[in-house]
Amino acid sequence: MPTYDQELVDRILAATDIVALVGSVVPLTKRSGDNLFGRCPFHKEKTASFSVNRRKQIFHCFGCGVGGDAIGWLMRYEKINFPEAVRRLAEQAKIDLPRYRPSGEDSLNESLFRLHEVAQKLFLERLRDSSNTKAQSAMDYLLGRGLTPETIDSCGIGLAPDSWDTFALLAMREGFRIEQLLGSGLCGRNDSGNVYDRFRDRITFPIQNLSNRIVGFGARVLPGKDDGAKYLNSPETAIYKKSEILYGLPWARDEIRKQDSVIVVEGYLDLISLHQFGVQNVVATSGTALTNRQARLLHRFSPKVFLVYDGDEAGRRASLRGGDVMIAEGLDVHVAFLPEGEDPDTYVQKFGAEAFHGLLLQGQGWLEHQYAHFVRLGALNSPSDTVAALRELIRVLREMSDSTIQNFWVKRIAQRFQIAESVVRHELSRGTIATRNDDDETVDTQTEWNEDEAQIIAFLVKYRETPEDFEYHKRIHRWLKPDIFTTPPLRALYDLFVRKWLEENEFPEISDLIATAKLFPQLEDWVNSVLMQKLSKIPHQPNPSVIDEIDFFEHDLAMTEEKIRVLMVPVYERQIEEIEFKIVRASQQELPELFQSKHQVNRIIKQLQKTGFLAISTSDL
């Protein structure tokens, strides 16, 4: 794999202060010798185990094990490849670079980026073709929406041709292969085997990553045309991960830092109109639900978020989901609703930027917004309803990794519900299990009760009678290593199952389960409840009496498979990241083995993502 000359890379690293680079987005305060410490941005943690060493110019997390130099930091944190990271650091250090010619894995992604550049050039040309009636219609629509020609140009708005294969034929003439076209998400293949353009006769909006490279498109149907969905978006590809991308962030990032706040809206035109009116610290979700990864991405630029939604019921539901995700990631959330019938685009066009900012200032904080929601539903009219509402808020608090922020919300919730803090803390601790030490003294470990882990253990406890059950146990054991369990009581039970399987090739007896459970207060009751009743509620049936053991087993098996996915896919994704980090620094002799390892891990991830994957043989893993 061609790379930059190592001497040049060393010069760039020597000119880079890794403490300043990392410290610009991760607070580093604790000192230990040459090390500065902070909370790791690559996994959730309550204590600072992430270190940066100025003398060695490296970073390392003692929690999740990631580490490297300044180039490795940018690759992981910004989700960019090796040459892009080198280029960014070289620009900061004012060091000129020779042309980089990618190959191997880099060239696969590079081909997708270049395909999007070809598509963007085509779309731009079509919209600006004054001889084309469709182009004139699209331009009239955009101008009629209040956009200026300058805004249309600066945002890269284009028009996909009214043809089945204009782009595909153009790309193939430029040397791209059909496999690359299909892998880019810009083309599809019909039942007859013919390749077609995904975007046809639609206004296009380029979606960019943090490096300002186009990774996908959103496309709006032309006005007056009945063509299915109003908006069509690129599918996920090797360069476009929807859960990690926010539309407009590359344009807004500097203004977000300057204003120390970010505004989140839902649509392309909402964002573009706000930008045109000078409101530039704004990003859009493009109609998808907010994700934890997007929340963490925003936190890198500012902790303060304004969520702007329509005032209808759908907007209120979206605001609740989005607010919970943002709060769980430690953001300071404010929710603003638009008047009925308005969206950010129409509102700012009618009333201007100042009125829009005034709307933001009238927004509710997360807790007030949640409380108002409960009042509107009549969910605080009885003690039992109030407790249920309180538990809904505490569910969000349990997701927080920052104990200081969590403690702040405990106090605020207690004040708002006019109850003692101890009540809130008691409810919060219901996800906490105490353990006993060697002297049989109770020790509060403050270990979060992991519901995903609990579902898997519950399945093992419940179904341990037949040879078929034993086969499923063995498959679960092959997928899950004991160190994946973060809750000590559940880890102890899993160790018991593994030990019995490896040493005696049999299930634990009930007496074994109870003996292990007795080591942990509260766990014995949980084990008994699993043995005595079904694991989880079955979806409503017209005649519950017809539900038999098979119905429960299939449901519980599906639930268990989902929890294994939740636990294991991130583990293998981290393995992929580590392999990719090694690839960019590897010698030619090391590359075949690394690519083979990456292929094997990708195959495992694909197996995990299949329905019914526990029925797949894992003997070769």
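This passage looks at one sheet, the helices lying across it, and two nonpolar cores. The structure is a predicted model.

Let's begin with the sheet. Five strands make it up, and it is open, with mixed pairing. Reading across, the order goes β13-β12-β14-β15-β16. That puts β13 (282–284) and β16 (364–365) at the edges, where each one pairs on one side only. Strand β12, covering residues 262–265, runs parallel to β13, and three bridges hook the pair together. To pick out one match, I263 has V282 in β13 as its bridge partner.

Helices lie across these strands too. Helix α11, residues 268–276, lies across β12 and β13, and it runs at about 165 degrees to β13. Strand β12 also has helix α14 (residues 344–361) lying across it, along with β14 (304–309) and β15 (332–337). The angle between α14 and β14 is about 145 degrees.

Now for the cores. In soluble globular proteins, nonpolar side chains tend to be buried together. Here, the largest nonpolar core counts 49 residues, and the members that touch the most others are I457, I476, W479, L480, W526, I564 and L608. Several helices chip in at least two residues each: α19 (451–462), α20 (467–479), α21 (488–504), α22 (510–517), α23 (523–532), α24 (549–583) and α25 (591–608). Of these, α24 gives the largest share, with 11 residues. Another core, this one of 44 residues, lies apart from the largest one, and its members include L249, A252, W366 and L393.

Definitions and conventions:
Residues are numbered from 1 along each chain as its sequence is written. This is a predicted model: local features need pLDDT of at least 70, side-chain atom pairs count only at pLDDT 80 or more; totals for chains, interfaces and linings use all residues. Side-chain values use heavy atoms; hydrogens and water are left out. Two strands pair if DSSP finds at least two bridges between them. Helices (H or I, at least four residues) and strands (E, at least two) are DSSP runs, numbered from the N terminus. Contact means heavy atoms within 4.5 Å. Axes are lines fitted to C-alpha atoms, for helices over the stretch in contact, and angles run from 0 to 180 degrees between N-to-C directions. A nonpolar core is a set of buried Ala, Val, Leu, Ile, Met, Phe, Trp, Tyr and Cys residues joined through side-chain atoms within 4.5 Å. Buried means under 20% relative accessible area, exposed over 50%, partly exposed in between (1.4 Å probe, protein chains only).
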